[in-house]
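User: Please pick one part of this structure and take me through it closely. I am new to this, so keep the sentences short.

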Amino acid sequence: MTTKKWIIGTAVLGMLITGSAGVYAGTQIEEIKAKLNMKRSIYIDQVEFLAKDGKGNRLYPITYNGLTYLPTRAISQALDVSIKYDDVHDRVLIGIGAEEIERPKFLPLDYPLPADTKRIELVEKQGSVVFVFETKESLSSLAKKYNDYLKKKGYDQIVDSSSASELDLIGKNGVESSAISGAVLDAKKGTYKIEIVWSK
């Protein structure tokens, strides 16, 4: 999306992230005088965007030395771009590298999950997992990835009924079983909804 690249690619975005900001060394913080610019509006793809924090309070741009600083988290959410505050290294990650995989505790550590996995639902206990997640990785790519994984793990009974628009894969060996299904979640965003049912 050109708008997304433009907004993130310019130096207009300020680092106004809500939440914990960690402990800063005093020598690396400089106090400035800036102004909340309540008259400056924000438009994304020609639609006015009213930035708000996690509690629903209105956020306004800040003007400082002729530059406009926007609330990063609110803008990233409006553009559907992942954002993460890394307080270990005191940095803000936007886009690639900001995603965090919410990996099920009882799913085998080598069970492949897309790098952009976003959890929708998780039910698990030791020995069984039902994990539903969102991804932009294509169904054909996932079908190949899971086929390769199951073969590598010695699944000798694999049934693959996948198509271009659906992921449908079942497999088992003497120890565990897997059922992996998926379909389009949002065609405009290019996202897919995947469900993994694993048991041992």
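Analyst: Buried means under 20% relative accessible area, exposed means over 50%, and partly exposed lies in between (1.4 Å probe, protein chains only). Of the 200 residues in this chain, 31% count as buried.

This is a predicted model, in which local features need pLDDT of at least 70, side-chain atom pairs count only at pLDDT 80 or more, and totals for chains, interfaces and linings use all residues. Residues are numbered from 1 along each chain as its sequence is written, and side-chain values use heavy atoms, with hydrogens and water left out.

How confident is the model? The chain averages a pLDDT (the predictor's confidence in each residue, from 0 to 100) of 81. At least 70 is reached by 81% of the residues. Confidence is highest in strand β14, at 96, and lowest in helix α1 (residues 2-9), at a mean of 45. Over residues 1-25, pLDDT stays under 50.

Now the inventory. The chain has three helices and 14 strands. Both are DSSP runs, numbered from the N terminus: helices are H or I with at least four residues, strands are E with at least two.

The part to study is the sheet that holds β14. This open sheet has six strands, in the order β9-β10-β14-β13-β12-β11, and the pairing is antiparallel. Two strands pair if DSSP finds at least two bridges between them. At the edges stand β9 and β11 (157-160). Each has a single partner strand, so one side of each is left without a neighbour in the sheet. Neighbouring strands are turned by 10° against each other on average, direction ignored.

Begin at the β9 edge. Strand β9 covers residues 118-125 and runs antiparallel to β10, with seven bridges joining the two. Arginine 119 stands opposite phenylalanine 133 in β10. Lysine 125 has serine 128 as its bridge partner in β10. The two strands form a hairpin with two residues between them. In that turn, glycine 127 has a positive phi of about 100°.

Move one strand along. β10 and β14 also run antiparallel, and eight bridges join them. Here valine 130 faces a partner in β14: valine 197 stands opposite.

Stay in β14 for a moment, since threonine 191 is placed in this strand. Buried or exposed? Threonine 191 counts as buried, because its relative accessibility is 2%. Leaving aside neighbours within four places in sequence, threonine 191 is in contact (heavy atoms within 4.5 Å) with Glu134, Thr135, Lys136, Val184, Leu185 and Asp186.

Next, the helix on the sheet. Helix α3 lies across β10, β11, β12, β13 (177-186) and β14. It runs at about 5° to β12. The axes are lines fitted to C-alpha atoms, for helices over the stretch in contact, and angles run from 0 to 180 degrees between N-to-C directions.

What joins the helix and sheet residues? A nonpolar core is a set of buried Ala, Val, Leu, Ile, Met, Phe, Trp, Tyr and Cys residues joined through side-chain atoms within 4.5 Å. The largest one here has 20 residues. Tyr111, Tyr146, Ile180, Ile194 and Ile196 touch the most other members. At least two residues each come from β10 (128-135), α3 (139-152), β12 (166-172) and β14 (191-199). The largest share is that of α3, with six residues.

Tyrosine 146 shows this packing residue by residue. Not counting neighbours within four places in sequence, tyrosine 146 is in contact with Tyr111, Pro112, Leu113, Pro114, Phe133, Leu169, Ile180 and Ile196. Phe133 is the residue that stands opposite arginine 119.

There is also a second, separate core, with nine residues that include Ile42, Phe49, Ala51 and Leu79. Ala51 is also touched by arginine 58, along with Leu50 and Lys52, not counting residues up to four places away in sequence. Arginine 58 sits in the loop between β4 (47-49) and β5 (62-64). It is partly exposed, because its relative accessible area is 35%.

One more loop is worth a look. Aspartate 45 and glutamine 46 lie between β3 (42-44) and β4. Most residues other than glycine have a negative phi. Yet aspartate 45 has a positive phi near 50°, and glutamine 46 has one of about 70°. Aspartate 45 is partly exposed at 45% relative accessible area, whereas glutamine 46 is exposed at 76%.
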